[in-house]
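User: Hi! I am new to protein structures and would like to learn how to read one. Could you take me through it step by step?

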Number of protein chains: 2
Amino acid sequence: MTIKEVSEKFHISSDTLRYYERIGMLPPVNRTDSGIRDYTNEDLNWLELILCMRNAGLQIEAIIEYVKLYSMGDATFEARLALLKEQREKLLCQQAQIIKALDRLSYKISRYEVAVKTGSLSWDNEKC
Amino acid sequence: MTIKEVSEKFHISSDTLRYYERIGMLPPVNRTDSGIRDYTNEDLNWLELILCMRNAGLQIEAIIEYVKLYSMGDATFEARLALLKEQREKLLCQQAQIIKALDRLSYKISRYEVAVKTGSLSWDNEKC
DNA sequence: TATTGACTTAGAGTAAACTCCAAGTAATAT
DNA sequence: ATATTACTTGGAGTTTACTCTAAGTCAATA
């Protein structure tokens, strides 16, 4: 698969794909004789995992570290486990922050829905 | 309340507090005669809201816009409602991404927990 | 009184994650 | 054969959100 096809499949620019590979977040991709990238199924699996994690907010550094450990083989199971657990903790924190903000947003929204109808905002202990 | 006290109360640097005010994310704070910031309760309420939203990942621009609308008074109820709804949508998307990533992380973690014990990673349809 | 420390501003610097550009090579359509 | 398009690399530029520095004012302590 060419870089363009991959770029379209995952809605991500070719520049970003090259960037990910250059910094070691995506393992090195095979090339044709003339040096053009030819993504394999395994590359796509990696990419899918990477994008899932990036979309959730994992930092690039953490993903690079995981890819590095993976490339070092079976001796790194424990390190990979630790890394994954650490990242899960971070996501759980982030999730908690989002839930808090969503609660607050929903409360505000319900107040503003009334305000739009009645023309005045009901009293609230926190104004803003 | 001085900038330092606020900074300590919210675990955020004085620089960041000044920055937030300068860019209009925090409404202008009252000053003493000599020009030193003196945060009121209302300032703290704003700050608390702002930090809740920032911690969840809301962009500064959106918060600035909300503060601006708020300062314009009752004529902006609808605009504020629209803004809040838009931000809620964004957070819901982000939350969904996090849940996806957490599912995947948890699955990987359980596989690696076995791998660490047995010394080999069980087969998986997506390797990486 | 001297100096230490907190505060002020404007503006420069930094980190993360892209995103774009220039210059060149390769493949393809006419 | 030529023109167009896609690809390559290395490096520069951009955006977001801070973070730091310099130069100066003000308050409090030795």
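User: Which residue takes a positive phi just after H5(B)?

Analyst: Welcome! Before we start, keep in mind that this is a predicted model. The residue you want is B:Gly119, with a positive phi of about 85° just after H5(B).

User: How many residues does helix H5 of chain B have, and what should they span?

Analyst: Here is the general idea first: an α-helix has 3.6 residues a turn, so residues three or four places apart point the same way. Now our case. Helix H5 of chain B covers residues 77-118, which makes 42 residues, and at 1.5 Å a residue they should span 62 Å. The end C-alpha atoms of this helix are 61 Å apart, so the expected and actual spans agree.

User: Thanks! What rotation superposes chain B on chain A?

Analyst: To compare copies, we lay one over the other and look at the movement needed. Here a rotation of 180° does it, with 0.0 Å of shift along the axis and an RMSD of 0.1 Å. The two copies are therefore related as by a two-fold rotation axis. If you want to find that axis in the picture, look for B:Gln95: among the residues of chain B, its C-alpha comes closest to the axis, at 3.2 Å.

User: How many residues of each chain are in contact where chain B and chain A meet?

Analyst: For contact, we ask which heavy atoms lie within 4.5 Å. By that rule, 47 residues of chain B touch 47 residues of chain A. The area buried between the two chains is about 4400 Å², and carbon and sulfur atoms give 72% of it. Three residues, B:Phe77, B:Tyr112 and B:Cys128, supply 15% of what chain B buries against chain A, more than any other three.

User: Why do we say that the copies meet through the same surface?

Analyst: Because 100% of the interface residues of chain B are also interface residues in chain A.

User: Now the DNA. Which residues come nearest to DNA strand C?

Analyst: With DNA, we can ask who is nearby and which part of the strand is being approached. Of the 18 residues around DNA strand C, the nearest are A:Asp15, A:Tyr20, A:Ser34, A:Arg54 and B:Arg37. Sugar and phosphate make up 72% of the strand C atoms that come within 4 Å of the protein. For a phosphate example, an N or O atom in the side chain of A:Arg54 is 2.9 Å from a phosphate oxygen of this strand, and a polar side-chain atom of B:Arg18 is 3.0 Å from a phosphate oxygen. A base is approached too: a polar side-chain atom of A:Asp15 lies 3.4 Å from a base nitrogen of strand C.

User: Which element gives the most to the surface near DNA strand C?

Analyst: That is H2(A), with 5 residues. By type, the surface residues near strand C divide into 5 nonpolar, 5 polar and 8 charged.

User: And which residues come nearest to DNA strand D?

Analyst: Among the 18 residues around strand D, those are A:Arg18, A:Arg31, A:Arg37, B:Tyr20 and B:Arg54. Sugar and phosphate account for 71% of the strand D atoms within 4 Å of the protein. Try finding B:Tyr20, where a polar side-chain atom lies 2.9 Å from a phosphate oxygen of strand D. A:Arg31 has a side-chain N or O atom 3.1 Å from a phosphate oxygen, while B:Ile60 uses a backbone N or O atom, 3.4 Å from a phosphate oxygen. The largest share of the surface near strand D, 5 residues, comes from H2(B).

Conventions: Residues are numbered from 1 along each chain as its sequence is written. Chains are lettered from A and ligands numbered from 1 in the order in which they are written. This is a predicted model: local features need pLDDT of at least 70, side-chain atom pairs count only at pLDDT 80 or more; totals for chains, interfaces and linings use all residues. Side-chain values use heavy atoms; hydrogens and water are left out. Helices (H or I, at least four residues) and strands (E, at least two) are DSSP runs, numbered from the N terminus. The expected span of a helix is 1.5 Å times one less than its number of residues. A residue is near a molecule or strand if one of its heavy atoms lies within 4 Å of it. A polar contact is a pair of N or O atoms within 3.5 Å; within protein, one must be able to donate a hydrogen and the other to accept it, and residues adjacent in sequence count only if both atoms are side-chain atoms. Copies are superposed by least squares on the C-alpha atoms of residues with pLDDT of at least 70 in both. Ala, Val, Leu, Ile, Met, Phe, Trp, Tyr, Cys and Pro count as nonpolar, Asp, Glu, Lys and Arg as charged, and the others, Gly among them, as polar. Buried area is the accessible area (1.4 Å probe) that two parts lose on being put together, summed over both.
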